[in-house]
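Student: Please take a close look at one helix of this model, chosen for its aromatic side chains, and then set that helix in the context of the rest of the chain. I should like each term to be given with its cut-offs.

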Amino acid sequence: MRNLRERTVIMVLLAADVAALSYCVVQYDARVTSAALVIAGAYAALALVSLKLPRGEALHGGVGIAVAGILSVGGTTTAFGVAIGGIAATLVVRRAAEGNDLSLDLVRAPALVIAGAAAWTATGSKAVADGDQLTTLLFYMAFAGAYVLLDLLTYSTLSALIAGDRILPGLASFLRLVLGVHLGLASIGVVLALTYSPTSTLTTLLSGAILVSLMLIMKHNFGIYLQIKTAYSRTVGVLARLAEFEREETRGHSERVADIATGIGRKLRIPNRELERLNLAALLHAIGRVGSLDGLENGANHASLGARIAQNIEFLAPVADVVELHHCTPSQARESVEARLAHIVGVACRYDQLVTQSDSQNAERIAWEVMRSQSGDFDPDVVAALR
């Protein structure tokens, strides 16, 4: 099913690309062929440095090159360059058998460039032509920011459609993860556009080579950071599953609790930094069962043991208090931020238990009504956020 959705998305984008590029052919000026080839080479180089996200997806595109091309030589030339560069990168990747599928970016990038160029022509190009250097810089930066958001939103939306996932729940986390590096790449693209001079080819090529090298270094270093973050996430996932290893009925419980708790946190408008702690604590809330010696059923015991395990691991220490307090009452939850987060974990945990233990088709509604009736055990606002 996923392959069918992916092929459908790619075919729709490919049809849009063919139509748009066919229109561009009519207006194409052969004198700018060299500029298109330079853009193609730079885009291919950046596309080959992929950013592998913690959940397995990979970002390939060269947003900085696209921004620089649109602002300096126009959308038609840039679209051709990006299309050629994307094809070249795909051929290299397939020949190297690295397994990174560039098909989605190959068909997405030219359409994105054409849409961005049309928006720039309609909104910013006249203001830049009539303005001073400061006005030009401000409009360039505004366009770069808008283009980055469009790039990431289209990528996230298409990836969700292909995977059959909901678009909005993971969007904030995705943007928080990669928005900074994309804005950095786009900013270098703005500098590249400002240094472009059609009358000084050598200077333009030298400055372009330096700035593209900076983009490659930035993207490579951020890729290393993502690899570390991915290893970190997988380690936490292994720890979470370890607590469920000997209990078939609880398989997947920690991941479900993390998803439920994070959803509650978003509805309650908990800050992003605290959402990360909430997600991590929810994943690890049952880790103390690994060391429990009393039949694994004593809630306070396994919570305390889990907190001790987390406390002894440096990168898990910030969530130790949340793990320990996840059985706290509504009144205790008002005493600190950690207790508030812990109570959300407790609510999510109990909700998942009620849903999974029920054979009813309306298990979620029944679980919610049961918890709503137990207002002394669960904060009504937190329970309300389950719906």
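Tutor: The answer below begins with the whole chain, turns to the chosen helix, and then moves to other parts.

The model is predicted, so local features are reported at pLDDT of at least 70 and side-chain atom pairs only at pLDDT 80 or more, while totals for chains, interfaces and linings use all residues. Residues are numbered from 1 along each chain as its sequence is written, and side-chain values use heavy atoms, without hydrogens or water.

The protein chain has 17 helices and two strands; these are DSSP runs numbered from the N terminus, helices being H or I runs of at least four residues and strands E runs of at least two. Of its 387 residues, 46% count as buried, where buried means under 20% relative accessible area, exposed over 50%, and partly exposed in between (1.4 Å probe, protein chains only). The accessible surface comes to about 19800 Å², and carbon and sulfur atoms account for 60% of this area. Such areas are computed by the Shrake-Rupley method with a 1.4 Å probe, and for residues only the protein chains shown count as cover. Among contacts (heavy atoms within 4.5 Å) between residues at least 6 apart in sequence, 68% join residues at least 24 apart.

The helix chosen is helix 7, residues 133-163. Phe-143 in this helix is paired with Trp-120 of helix 5 (residues 103-123), which links distant parts of the chain, 23 residues apart. The ring centres of Trp-120 and Phe-143 are 5.3 Å apart and the planes meet at 55°, so this pair is tilted. Rings of Phe, Tyr and Trp (its six-membered ring) pair if their centres lie within 6.5 Å; planes under 30 degrees apart are stacked, over 60 edge-to-face, and the rest tilted. Trp-120 is buried at 8% relative accessibility, and Phe-143 is buried as well, at 9%.

Phe-143 also pairs with Tyr-147: the centres are 5.9 Å apart and the planes stand at 40°, so this pair too is tilted. Both of these residues lie in helix 7, four residues apart, or about one turn. An α-helix has 3.6 residues a turn, so residues three or four places apart point the same way. Tyr-147 is buried, with a relative accessible area of 4%. Together with Tyr-140, the residues Trp-120, Phe-143 and Tyr-147 form one aromatic cluster. The structure as a whole holds five aromatic pairs.

Helix 7 also contributes to the surface. Leu-134, Leu-137, Leu-138, Met-141 and Leu-194 make a nonpolar surface patch of about 450 Å², and helix 7 supplies its largest share, four residues. Patches are built from residues with over 30% relative accessible area and no salt bridge, like charges being joined within 9 Å and nonpolar side chains (Val, Leu, Ile, Met, Phe, Trp, Tyr) within 5 Å. Leu-137 of helix 7 is partly exposed, at 34%.

Elsewhere, charged side chains join parts of the chain. The structure holds seven salt bridges, each a side-chain nitrogen of Lys or Arg within 4 Å of a carboxyl oxygen of Asp or Glu. In one of them, the closest N and O atoms of Glu-276 and Arg-176 are 3.1 Å apart. Glu-276 lies in helix 11 and Arg-176 in helix 8 (residues 171-195), so the bridge ties together parts 100 residues apart in sequence. Glu-276 is partly exposed at 41% relative accessibility, and Arg-176 is partly exposed at 33%.

Within helix 11, Glu-274 and Arg-277 stand three residues apart, about one turn, and their side chains meet in a salt bridge of 3.0 Å, N to O. Glu-274 is buried at 19% and Arg-277 is buried at 16%. These two residues and Glu-338 are linked in a network of salt bridges.

His-285 lies in the loop between helix 11 (272-284) and helix 12 (299-311) and is buried, at 2% relative accessibility. The side chain of His-285 makes a polar contact of 3.2 Å with that of His-253. A polar contact is a pair of N or O atoms within 3.5 Å; within protein, one must be able to donate a hydrogen and the other to accept it, and residues adjacent in sequence count only if both atoms are side-chain atoms. A polar atom of the His-285 side chain also lies 2.6 Å from the backbone oxygen of Ala-282.
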